[in-house]
Amino acid sequence: MTAAFEIGQEVIATGTYMHQITEGARYVVTGTIPKLVTPTFTFPEYVTVTGNFGTPVTGHTHRFKAVP
């Protein structure tokens, strides 16, 4: 399975999240956590960016889209 984003890739936030990321703002991916599927649970893929306050923010990949 291919990751939604790669480290170093520029992404755009699709919504505002707790003042940590702002809808429409651009961020750079600093980390990813791959999707994990077990017989009893599916842990979705996550992405980490440096947020508005200079600290890491990790969230579901649906919070971002790739910069065209």
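Here is a quick tour of a small set of features in this protein chain, from its overall build down to two residues in one loop. Keep in mind that this is a predicted model. The chain has seven strands and zero helices, and its 68 residues have a radius of gyration that agrees with a compact globule.

**Overall build**

- If you walk along the sequence, you meet the pattern β-β-β-β-β-β-β.
- A compact globule with 68 residues would have a radius of gyration near 11 Å, and this chain comes in at 12 Å, so the two agree.
- Picture a box of roughly 35 × 25 × 20 Å along the principal axes: that is what the C-alpha atoms fill.
- Among contacts with a separation of 6 or more, 39% link residues that sit 24 or more positions apart.

**Surface and charge**

- Buried residues make up 26% of the 68 in the chain.
- The accessible surface is about 4,600 Å², and carbon and sulfur atoms account for 58% of that.
- On the charge side, there are 4 positive and 4 negative side chains. The centres of those two sets are 6 Å apart.

**How the strands pair up**

- Start with β1 (10-13) and β2 (26-33), which pair in the antiparallel sense over three bridges.
- Two partnerships to look for between them are Val11 with Tyr27 of β2 and Ile12 with Arg26 of β2.
- On β1 you can also find a link to β7 (residues 64-66), again antiparallel, with three bridges. Here Ala13 has Phe64 as its bridge partner in β7.
- Strand β2 is also joined to β5 (residues 46-50), through four bridges and in an antiparallel run. Val29 is matched with Val49 of β5 in this pairing.
- From β5 you can carry on to β6 (residues 56-60), an antiparallel pair with five bridges. Val49 turns up again here, standing opposite Val57 in β6.
- The hairpin made by β5 and β6 has five residues between its strands, and Gly54 in that hairpin takes a positive phi near 80°.

**Ile21: a loop residue**

- Where does Ile21 sit? Look in the loop between β1 and β2.
- Is Ile21 buried or exposed? Its relative accessibility is 1%, and buried means under 20%, so Ile21 counts as buried.
- Setting aside neighbours within four places in sequence, Ile21 is in contact with Ala13, Gly15, Thr16, Tyr27, Val49, Asn52, Val57, Arg63 and Phe64.
- Some of those names should ring a bell from the strand pairings: Ala13 and Phe64 are bridge partners, and Val49 stands opposite Val57.
- Ile21 and Thr50 are 29 residues apart in sequence, yet their C-alpha atoms are 8.8 Å apart in space.

**Thr22: the next residue along**

- Thr22 is placed in the loop between β1 and β2 too.
- With 36% relative accessibility, Thr22 counts as partly exposed, because that class lies between the 20% and 50% cut-offs.
- Leaving out residues up to four places away in sequence, Thr22 touches Ala13, Gly15, Thr16, Tyr27 and Asn52.
- Between the C-alpha atoms of Thr22 and Ile12 there are 8.9 Å, with the pair 10 residues apart along the chain.

Definitions and conventions
Residues numbered from 1 in each chain as written. Predicted model: local features only at pLDDT ≥ 70, side-chain atom pairs only at ≥ 80, totals over all residues. Heavy atoms only, no water. Rg over C-alpha atoms; globule rule 2.2 N^0.38 Å. Buried < 20%, exposed > 50% of the residue type's maximum accessible area, 1.4 Å probe, protein only. Contact = heavy atoms within 4.5 Å. Areas by Shrake-Rupley, 256 points an atom, 1.4 Å probe, with all protein chains shown as cover. Lys, Arg positive; Asp, Glu negative; His and termini not counted. Charge placed at Lys NZ, Arg CZ, Asp CG, Glu CD. Pairing = 2+ DSSP bridges.
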